[in-house]
Amino acid sequence: SHRMSQLCNSTGEVLANLGNVKGALSINDNKILTYSMNETIKLWTLEGQNLAQFVCNFKIKKIHIIDNDKFISRSSDNILRICNFFGKILHKINVDKGLNGLVILSHDRILLYFSNGTLQMIDLQGRLIRNLYGHSEGINGVCLLSNDRILSYSNDRTLRIWDREGRTLAVLKGHKNPINGAKVMKDGRILSYSGSTIYMWNTAG
């Protein structure tokens, strides 16, 4: 069984019962989007008022906020759906199998990363802008850096820094095992980890 989630204020007062929440996202720091185990998506105010809700006819894996009006959902049927917050599907994007994840970029672009080592930059209509090649094995994650730069890390034991056009700026080598994760520090340095090893990099590599 799944525990019911509640929206509470700082004193612990229950403002709303949210249901069996699978995930929750902040929208512009004044609204909350939740999605639940029964594929129901709800939009809330910070005070617990339910502004909208709808049930999806597909299984949600994860949701990403695009802007104040739209979100994109990943589902198990290899289709990305861009929707508004009242349930209208604006675009459907078919993607290749092996999609490991995505990040929302600036300028209405989305970056997809795959288990075959490829990254794809697309627009909000699903049109391919460009492929990013360089990794030889599956990509485990992507982080956004300053100045519209992109960081990817992979099972090939490298991290790569790309510019906004998809050109490689740096390849960070040193890990002896597939890289499990990376974080961008407040001072701009990159922390990455694989196995029992942690590396710290500056943004120039």
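This passage describes a four-stranded sheet and the surroundings of one threonine in a predicted model.

Strands of a sheet pair through backbone hydrogen bonds, in either a parallel or an antiparallel sense. In the present model, four strands come together in an open sheet, where they follow the order β3-β4-β5-β6 and pair in the antiparallel manner. Strands β3, covering residues 21-27, and β6, covering residues 50-55, stand at the edges of this sheet, and because each has a single partner strand, one side of each is left without a neighbour in the sheet. From one strand to the next, the twist averages 15°.

The pairing can be followed strand by strand, beginning with β3. This strand is joined to β4, which comprises residues 31-36, through six bridges in the antiparallel sense. Along this pairing, Val21 stands opposite Ser36 of β4, while Ala24 has Thr34 of β4 as its bridge partner. The hairpin made by β3 and β4 has three residues between the strands, and in this hairpin Asn28 adopts a positive phi near 55°.

Strand β4 is in turn paired with β5, which comprises residues 40-45, and here the antiparallel pairing runs over five bridges. Within this pairing, Leu33 has Leu43 of β5 as its bridge partner. The hairpin of β4 and β5 likewise has three residues between the strands, with Glu39 taking a positive phi near 65°. As to its surroundings, β4 is largely enclosed by the rest of the structure, because five of its six residues are buried.

Another part of the chain was examined through a single residue, Thr158, which is found in strand β17, a strand covering residues 158-162. The relative accessibility of Thr158 is 11%, and because the limit for a buried residue is set at under 20%, Thr158 counts as buried. The side chain of Thr158 takes part in a polar contact of 2.8 Å with the side chain of Asp156, and a polar contact of 3.5 Å joins the side chain of Thr158 to that of His135. When the neighbours within four places in sequence are left aside, the residues in contact with Thr158 are His135, Ser152, Tyr153, Val171, Leu172, Lys173 and Ile179. His135 therefore appears both in this list of contacts and as a polar partner of the Thr158 side chain, whereas Asp156 is joined to Thr158 by the polar contact of 2.8 Å.

Terms used: Residues numbered from 1 in each chain as written. Predicted model: local features only at pLDDT ≥ 70, side-chain atom pairs only at ≥ 80, totals over all residues. Heavy atoms only, no water. Pairing = 2+ DSSP bridges. Helix = DSSP H or I, 4+ residues; strand = E, 2+ residues; numbered from the N terminus. Axes fitted to C-alpha atoms, helices over the stretch in contact; angles between N-to-C directions. Buried < 20%, exposed > 50% of the residue type's maximum accessible area, 1.4 Å probe, protein only. Polar contact = N/O pair within 3.5 Å; in protein donor to acceptor, adjacent residues only side chain to side chain. Contact = heavy atoms within 4.5 Å.
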